[in-house]
Amino acid sequence: MNFSTWEVYRWVRGQRFKRKRRLYQQAFQLTFDVTLAIYCAVLGAVFLLMAVDGLQQLYPLFDLWQASLGQLVWLLPSAFILWACGQSFFYPGLMFTTSELKLSMLPHTRSHLLWHIALVRGTACTACAFLAAMITGWLTPFTYSFAFYSAVVFSLFFILTMPLQWWLFSVSRWKKLFVFAAVSLFISGVRYITLYLELHGGWVGLFLGLLLLIWNLYLIPRSTQGVDWGRTVEVNDAKVWNLKIISHMTGVFIKPPKRYGVLHSFIRRRRAKQRFTHIHQLYHRLWRYHLHHQFTYVWKTILACAVIVTVLPVHTPWIMYLTLPIAVFVYIEVAAGLFADQFRKQPILGIIPIEEQGWLRTFYKWSAVGMSFLFILFAVVMINLHGLYAGLSLQLLGLGFWSLYDLQQRLRERISILQRTEKKGLEVLRLTGYVCLGAGVFFSPVIFGLILPPLAAKYREKLPFLRLSA
Amino acid sequence: MTLQSVLTINNCHISMRDEIVLSQITFEVQQGHITALVGHNGAGKSTLIKTIIGLLEKQSGAIAINGIDQDGDFLEYKYQFSYIPEEPLLLNELTIFQHFQLYQKSYHIPDALFIDRIQTYTEAFELMDKLDEYPESLSKGMRQKAQTICALLPEVPLLLIDEPFMGLDVYAGTYLEQLLKERRDQGTSILLTTHQLDKVHNLADDFVMLKDGRISSAGSIDHFDQLDRRGTL
């Protein structure tokens with residue numbers, strides 16, 4: 001144990017804690033509301049009383065639960081090993097951040113720092129487990145011996161699996177998958193043998209514990225060998241500084257860069273390095289990456305639109321008159337937002353004079369492909385509700401025409417904002433289009449009304465009432 | 001002969017988070033002149049450059065390049081300059097050559113000129129074997145060279161350069177210096193920020209000194225002596 005390293009590490013952790021506390025204090029000062037706090041306190045007290053009352057009614061069941069949970073406690077070792085393997089795909093487990101990396105440039109070794117990090121994490125986890133056990137023993141009918149027995153097993157295997165997760169994090173994805181599969185098979189085998197021989201779960205735990213101990217004796221001296229320090233630091237920085245409340249308040253979410261995913265490797269295959277023969281290929285490439293990065297928004301939007309077009313009308317058919325225009329509107333607004341976001345996220349695209357037509361056309365294709373799901377869903381739901389009918393083709397044509405027209409207008413609007421020309425369309429025309437779309441679902445000939453907004457927009461200079469409102 | 005002003009900044013005020021960082025900024029960059037924007041750390045040089053390129057919004061005042069106002073036709077305004085940032089702004093999704101293609105299309109650079117310049121600049125900056133590499137696999141200096149080439153590809157009336165020699169090795173630095181002089185002689189105006197005072201004397205024709213968010217002095221480079229220190233009278 002190097003005490004100078006320990007002191008420095010403790011000081012750095014203390015400063016980090018203070019900085020985080022300051023951020024939380026600022027967030028608290030901004031959001032604290034006395035009335036809300038009083039309501040929360042009252043609700044909390046009521047909830048506690050209800051919980052105590054509920055627990056009293058469940059007292060007779062606790063003995064039964066304790067007996068069955070006693071058997072399950074020894075599943076914890078297996079669960080922890082599998083958990084560590086699974087988590088190693090995302091986190092190294094030990095919080096070795098940029099600060100620790102910089103400390104290691106000073107006369108403090110990485111292995112010493114890792115020991116300290118592991119020590120702090122292990123101690124904190126053990127303390128939490130024992131505190132939870134104490135509270136459980138105090139507040140519930142579970143016995144103290146059972147609660148502490150569970151806490152010991154929990155803490156022991158939590159600590160024993162830390163080096164495994166740390167090592168696995170830095171090995172290749174395929175190696176991780178292999179280890180994960182091998183460990184799963186091994187644990188299943190052990191479990192099967194245990195059940196077959198009717199052995200007590202404790203023996204399995206002891207056996208796995210011993211195996212882990214031997215593995216750790218091999219891994220610990222090599223804990224700084226073959227480590228992907230760059231990725232470790234990136235992931236840990238994001239985890240340490242991703243303060244959920246602050247992120248929600250500021251809208252800034254700290255995420256580790258996704259660099260080595262399967263999709264990323266596919267996108268980065270050799271062909272991707274070839275020079276473009278047409279500039280649209282370059283734009284498509286950038287859109288593909290952008291949509292990949294913003295995939296959360298993409299799938300959530302498509303799912304939300306799909307749900308309101310399919311689920312709600314199946315229960316109440318007339319609601320399609322409302323949900324279809326809403327779904328199209330939401331989809332187009334999100335698509336336009338994602339379009340503009342590309343230019344805000346990439347500073348280089350904000351500096352160079354962007355070639356409007358190319359960027360618009362390429363994104364338009366991506367958005368239209370996404371929108372085709374909506375068309376298909378709409379057709380399926382309408383056939384399901386009303387069977388095949390003559391007006392459906394008219395409705396589908398109208399839906400396609402209006403969606404693609406409105407999408408084009410919104411994209412043009414967004415690019416004009418980026419170019420600071422601010423050519424805004426008339427909202428009343430847009431509203432008319434959506435009303436016609438909804439009404440056209442009810443009575444299909446109304447779909448022809450969708451031609452009016454584009455015509456009016458084209459001849460607006462010649463129409464005095466539109467010129468005035470514009 | 002009176003020289004035409006390429007960049008005109010008139011009474012600009014720039015604030016960030018309700019705090020004024022630059023105020024009463026007025027100066028011009030003449031055609032075929034290299035103007036050095038100098039000042040102590042935190043004087044507002046990079047902020048001013050970012051405002052000129054439109055990354056930051058000014059609170060008031062006017063900025064025009066070749067008579068095209070930034071608040072007027074912003075797209076046409078962008079065609080008037082190219083920019084070399086202090087930190088490379090390359091996209092991780094594109095290789096170095098693909099970045100050049102992006103600039104070619106954006107600035108409508110003719111194929112013949114594009115190929116000629118790529119050939120010349122990549123050889124001079126020793127980047128020939130890195131053209132099909134992604135930026136993240138290159139060193140910072142290499143990325144800076146790639147970014148510099150991107151900005152040098154188009155024929156624009158104004159070159160904006162934030163710390164041009166930062167990260168470049170001595171050969172690349174010397175070549176860039178020579179290239180900037182050539183461009184100046186061909187009529188391109190250049191506004192650059194730098195901390196290297198010897199370069200200011202060698203390269204620039206004029207200077208504009210910023211101090212605590214204001215212009216403290218400006219004029220011919222012959223009158224430039226030393227940097228004003230922060231907070232001094």
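**A packed helix, a chain contact and a helix pair**

In chain B, the buried residues of helix α5(B) pack against five elements: β6 (81-84), α3 (96-106), α4 (111-124), β7 (158-162) and α6 (170-185). The model is predicted. Start with this helix, then move outwards.

Helix α5(B) covers residues 140-152. That is 13 residues, reaching 18 Å from the first C-alpha to the last. The span is close to the 18 Å expected at 1.5 Å a residue. The helix is mostly covered, with 11 of its 13 residues buried. The buried residues run from Met142(B), Arg143(B), Gln144(B) and Lys145(B) through Ala146(B), Gln147(B) and Thr148(B) to Ile149(B), Cys150(B), Ala151(B) and Leu152(B). Residues three or four places apart in an α-helix point the same way, because there are 3.6 residues a turn. In α5(B), the buried list includes charged side chains, Arg143(B) and Lys145(B) among them.

Now take chain B as a whole. It has seven helices and 10 strands. Of its 233 residues, 45% are buried. Consider the contacts between residues at least 6 apart in sequence: 70% of them join residues at least 24 apart.

Chain B also touches chain A. Here 20 residues of chain B are in contact with 19 residues of chain A. On the chain B side, α2 (74-78) and α3 each supply at least two residues. Which helix gives the most to this side? It is α3(B), with seven residues. By class, the side of chain B that touches chain A has 12 nonpolar, four polar and four charged residues. Helix α3 thus appears twice in this account: it is one of the elements that the buried residues of α5(B) pack against, and it contributes to the contact with chain A.

Cross over to chain A. Helix α5 (residues 110-139) and helix α6 (residues 144-170) have axes that come within 9 Å. How do the two helices run relative to each other? Their axes cross at roughly 165 degrees. Angles over 145 degrees count as roughly antiparallel, and α5(A) and α6(A) are therefore roughly antiparallel to each other. The crossing is right-handed.

From α5(A), the contact residues include Ala118(A), Gly122(A), Cys125(A), Ala129(A), Ala133(A) and Gly137(A). From α6(A), they include Tyr144(A), Phe148(A), Ala151(A), Phe154(A), Phe158(A) and Met162(A). By class, the contact between α5(A) and α6(A) has 14 nonpolar, six polar and one charged residues. The charged one is Arg121(A), from α5(A).

Definitions and conventions: Residues numbered from 1 in each chain as written. Chains lettered and ligands numbered in written order. Predicted model: local features only at pLDDT ≥ 70, side-chain atom pairs only at ≥ 80, totals over all residues. Axes fitted to C-alpha atoms, helices over the stretch in contact; angles between N-to-C directions. Helix = DSSP H or I, 4+ residues; strand = E, 2+ residues; numbered from the N terminus. Parallel < 35°, antiparallel > 145°, perpendicular 65-115°, else oblique. Left-handed = near helix turned anticlockwise from the far one by under 90°. Contact = placed C-beta atoms within 7 Å. Expected span 1.5 Å × (residues − 1). Buried ≥ 20, exposed ≤ 12 C-beta atoms within 10 Å, placed from the backbone.
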